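Thanks for coming, everyone. Please have a look at the model while I talk. I'll go helix by helix, then turn to single residues.

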Amino acid sequence: MKHVARKRFGQNFLHDQHVLDRITDSIAPAAGDTMVEIGPGLGAMTDQLTRSLPHMHVVELDRDLVARLQQRYRPEKLTVHAGDALKFDFASLPVPEGQKLRIVGNLPYNISSPLLFHLAAFAPKVKDQHFMLQKEVVERMVAEPGSKVYGRLSVMLQWRYDMTLLFIVPPEAFDPPPKVDSAIVRMIPLAQPLACDGARLEAVVQKAFSQRRKVIRNCLAGMFTEAQIIEAGIDPGVRPETISLAQYVALANLA
């Protein structure tokens with residue numbers, strides 16, 4: 001029986017074999033890897049990866065797809081975790097000593113940003129992440145200061161990861177085809193992120209970009225004085241999207 005994609009789960013199933021091969025080549029799965037796939041869907045990417053991996057984990061919310069995956073794969077080949085990736089404890093997955101987790105997935109567009117922030121908490125335990133996301137989300141993730149799309153997502157993720165947009169995936173590679181282009185992003189956790197309290201940095205960045213058309217002295221009024229902004233090496237008359245990650249960290253560290 002054909003599975004009908006569910007809009008509430010943001011389901012768009014990748015079926016283009018050329019794209020699947022390019023993603024697999026980018027991930028380069030090796031037999032000793034501990035790999036977890038978020039949202040395996042109908043298992044197109046799972047099939048690709050399990051050719052190289054003796055075992056892998058998947059996290060799937062749709063109960064119908066969970067049942068299909070459990071029928072399709074032997075338990076010793078695939079461990080299916082039925083549940084919401086937004087609430088899943090990725091640190092609970094068993095990883096051999098001295099190794100780190102590898103995470104892959106075609107992330108639902110409707111939860112991509114909160115899911116990326118949830119995963120950031122596990123960054124020290126992760127080797128790398130390869131995700132399919134809406135192209136404009138990936139562009140925001142990798143944007144540099146001065147770009148129109150540079151913002152909270154850019155700063156907070158660049159504090160944790162080195163990120164690269166690998167290639168674009170057109171809508172026709174999916175069933176049903178989404179209305180936008182997608183992109184593959186590689187995220188490698190930084191061994192030593194700039195020293196800073198994450199919650200404090202998040203508060204500063206969120207306040208700064210909540211009024212991105214204003215200059216930074218006005219955006220951060222009540223949180224920092226103009227003298228403190230200058231102390232962090234920032235011109236109080238510039239807008240939030242021109243300020244570098246290092247400068248935001250310097251601000252957060254003044255508290």
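**Helices, crossings and a few single residues**

Let's start with helix 5, residues 135-142, where Val137, Val138 and Met141 are buried. Looking down the helix 5 axis, those buried residues fall within an arc of 95°, so they line one face of the helix. Why would residues spaced like that share a side? An α-helix has 3.6 residues a turn, so residues three or four places apart point the same way. One thing to keep in mind throughout: this is a predicted model.

What do the buried residues of helix 5 pack against? Two helices are partners, helix 4 and helix 6. The strands they pack against are strand 6 (126-134), strand 7 (161-169) and strand 9 (182-189).

Stay with helix 5 and helix 6. Their axes are 6 Å apart, and the packing angle is about 60°. Roughly parallel, roughly perpendicular or oblique? An angle of about 60° lies outside the range of 65 to 115 degrees for roughly perpendicular and is not under 35, so this pair is oblique. The crossing of helix 5 past helix 6 is right-handed. On the helix 5 side, the contact uses Val137, Arg140, Met141 and Val142. On the helix 6 side, look for Leu153, Ser154, Leu157 and Gln158. By class, that contact has five nonpolar, two polar and one charged residues. Notice Val137 and Met141: both are buried in helix 5, and both meet helix 6.

Next, helix 6 with another partner. Helix 4 is residues 112-120, and helix 6 is residues 152-160. Their axes come within 11 Å and cross at roughly 25°. That makes helix 4 roughly parallel to helix 6. This crossing is left-handed. From helix 4 come Ser113, Leu116, Phe117 and Ala120. They meet Arg152, Leu153, Met156, Leu157 and Arg160 in helix 6. Sort the residues of this contact and you get six nonpolar, one polar and two charged. Leu153 and Leu157 meet helix 4, and they also appear in the contact with helix 5.

Now a third pair. Helix 7, residues 198-209, packs on helix 10, residues 245-252. The angle is about 115°, and the axes are 9 Å apart. That makes helix 7 roughly perpendicular to helix 10. Left-handed or right-handed? Helix 7 passes helix 10 in a right-handed crossing. Helix 7 brings Arg200, Leu201, Val204, Val205, Ala208 and Phe209 to the contact. Helix 10 brings Tyr248, Val249, Leu251 and Ala252. The class count here is nine nonpolar, no polar and one charged.

Hold on to Ala208, as we meet it again with Cys219. Cys219 lies in helix 8, residues 216-219. Buried or exposed? Its relative accessibility is 0%, so Cys219 counts as buried. Beyond its sequence neighbours up to four places away, Cys219 touches Lys207, Ala208, Gln211, Lys214 and Pro240. Lys207 is 12 residues from Cys219 along the chain, and their C-alpha atoms are separated by 6.6 Å.

Over to helix 1, residues 17-27. Its buried residues are Val19, Leu20, Ile23, Thr24, Ser26 and Ile27. They cover an arc of only 160° around the axis, which puts them on the same side of helix 1. The face turned away from that buried side carries exposed His18 and Asp25.

Pick out Ser26 in helix 1. At 18% relative accessibility, Ser26 counts as buried because the cut-off is under 20%. Leaving aside residues up to four places away in sequence, Ser26 touches His130, Leu166, Phe167 and Arg186.

After that helix comes a loop, between helix 1 and strand 2 (34-38), and Ala28 is in it. Ala28 has a positive phi of about 50°, although it is not a glycine. At 47% relative accessibility, Ala28 counts as partly exposed.

One more backbone feature. Which form does the peptide bond from Asp175 to Pro176 take, cis or trans? That bond is cis, with omega near -5°. Pro176 sits in the loop between strand 8 (174-175) and strand 9. Why mention these two spots? Most residues other than glycine have a negative phi, and most peptide bonds are trans.

That's the tour. Questions, please.

Definitions and conventions:
Residues numbered from 1 in each chain as written. Predicted model: local features only at pLDDT ≥ 70, side-chain atom pairs only at ≥ 80, totals over all residues. Heavy atoms only, no water. Axes fitted to C-alpha atoms, helices over the stretch in contact; angles between N-to-C directions. Helix = DSSP H or I, 4+ residues; strand = E, 2+ residues; numbered from the N terminus. Parallel < 35°, antiparallel > 145°, perpendicular 65-115°, else oblique. Left-handed = near helix turned anticlockwise from the far one by under 90°. Contact = heavy atoms within 4.5 Å. Nonpolar A, V, L, I, M, F, W, Y, C, P; charged D, E, K, R; others polar. Buried < 20%, exposed > 50% of the residue type's maximum accessible area, 1.4 Å probe, protein only. Arc of directions from axis to C-beta.
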